[in-house]
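Student: I would like a close look at one part of this model, the place where aromatic side chains gather. Could you take me through it slowly, and then set it beside the other ring pairs and the cysteines?

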Amino acid sequence: DSVTYICILKTCGSNGMNIIGQRIHAQITKEGLLEGSNILSNAVIDMYSKCGMLDEAQNVFDKLYGSGTVSWNVLIAGYTNQDCSEEALEIFETMQLEHVTADAYTYLYVLKACGIIRNVEKGRKIHEDVEKAGLLAHSPLVGNALIDMYGDCGFLDQAQRVFDNLPEQDIISWNVLISGYVKHEHPREALICFEIMWVKNISPNGSTFAIILKA
């Protein structure tokens, strides 16, 4: 049934088994299971995206009837994770034009795309949208993504400002901030952050030590 296919499609995507994935897609289409099932269609889009077959993923998406936020997220994530950040941001713009509501996961991937291509202007606009939606108060994932985006773009003061304004800084927040300083050759600031972590009784993890040893 649909659940069987969703599980197998996930396996195909995780292991890059595109030929088997295509056969399963053909079987699902033959059985008419895609009609009226965005959940199954999203699994097909995700499988093709993870296999690097973005044209096929786009074709499945384009045939969806009334694609919701999750479907847009799966497609945007696919383009972002395949180093097609410009295309991911174009899809996000189309999503906005069609008045589909973005959620935390949408912003997570579009901010990642902005960081990859160093598009800080677009990142700032998305930051404004995040603020208007009130997501920073409820989603540490989005806050960390903003810090990472500004850090990737070299805007470390802005990254620090976002970090300071987070309701709660978890270990990922600290790691992302410290990584930004190290990435742009500010080891002293990175070490200061590390010392503040200890003062605040935040336990570093393996990633923290790897970053700080580089500093």
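**The aromatic cluster and its surroundings**

Tutor: In this predicted model, Phe194, Trp198 and Phe209 come together as one aromatic cluster. Within the cluster, the ring centres of Phe194 and Phe209 are 6.2 Å apart and the ring planes stand at 70°, so this pair is classed as edge-to-face, given that planes over 60 degrees apart fall into that class. Phe194 belongs to helix 12, which covers residues 187–199, while Phe209 belongs to helix 13, which covers residues 206–214, so the contact ties together parts of the chain that are 15 residues apart in sequence.

The two phenylalanines are not covered alike. Phe194 has a relative accessibility of 13% and therefore counts as buried, the cut-off for that word being under 20%. Phe209, in contrast, has a relative accessible area of 37% and is partly exposed. Phe209 also takes part in a nonpolar surface patch of about 370 Å², which it makes together with Trp198 and Leu213. Trp198 and Phe209 are thus named both in the aromatic cluster and in the nonpolar patch, whereas Phe194 is named in the cluster and is buried.

To set this beside the rest of the structure, the model holds five aromatic pairs. One of them joins Phe61 and Trp72, whose ring centres are 4.8 Å apart and whose planes are at 75°, so that this pair, too, is edge-to-face. It links distant parts of the chain, with Phe61 in helix 4 (residues 54–62) and Trp72 in helix 5 (residues 69–81), eleven residues apart. Here both partners, Phe61 and Trp72, are buried, while in the pair described above Phe194 is buried and Phe209 is partly exposed.

As for the cysteines, the structure holds zero disulfides. Cys114 is in no disulfide, and the cysteine sulfur nearest to its own, that of Cys153, is 7.2 Å away; a disulfide would require the two sulfur atoms to lie within 2.5 Å. Cys153 is likewise in no disulfide, with the sulfur of Cys114 as its nearest cysteine sulfur. Cys114 is buried, with a relative accessible area of 0%, and Cys153 is buried as well, with a relative accessible area of 14%.

Methods
Residues numbered from 1 in each chain as written. Predicted model: local features only at pLDDT ≥ 70, side-chain atom pairs only at ≥ 80, totals over all residues. Heavy atoms only, no water. Phe/Tyr/Trp six-rings, centres within 6.5 Å; stacked < 30°, edge-to-face > 60°. Helix = DSSP H or I, 4+ residues; strand = E, 2+ residues; numbered from the N terminus. Buried < 20%, exposed > 50% of the residue type's maximum accessible area, 1.4 Å probe, protein only. Patch = residues over 30% accessible without salt bridge, like charges linked within 9 Å, V, L, I, M, F, W, Y side chains within 5 Å. Areas by Shrake-Rupley, 256 points an atom, 1.4 Å probe, with all protein chains shown as cover. Salt bridge = Lys/Arg side-chain N within 4 Å of Asp/Glu carboxyl O.
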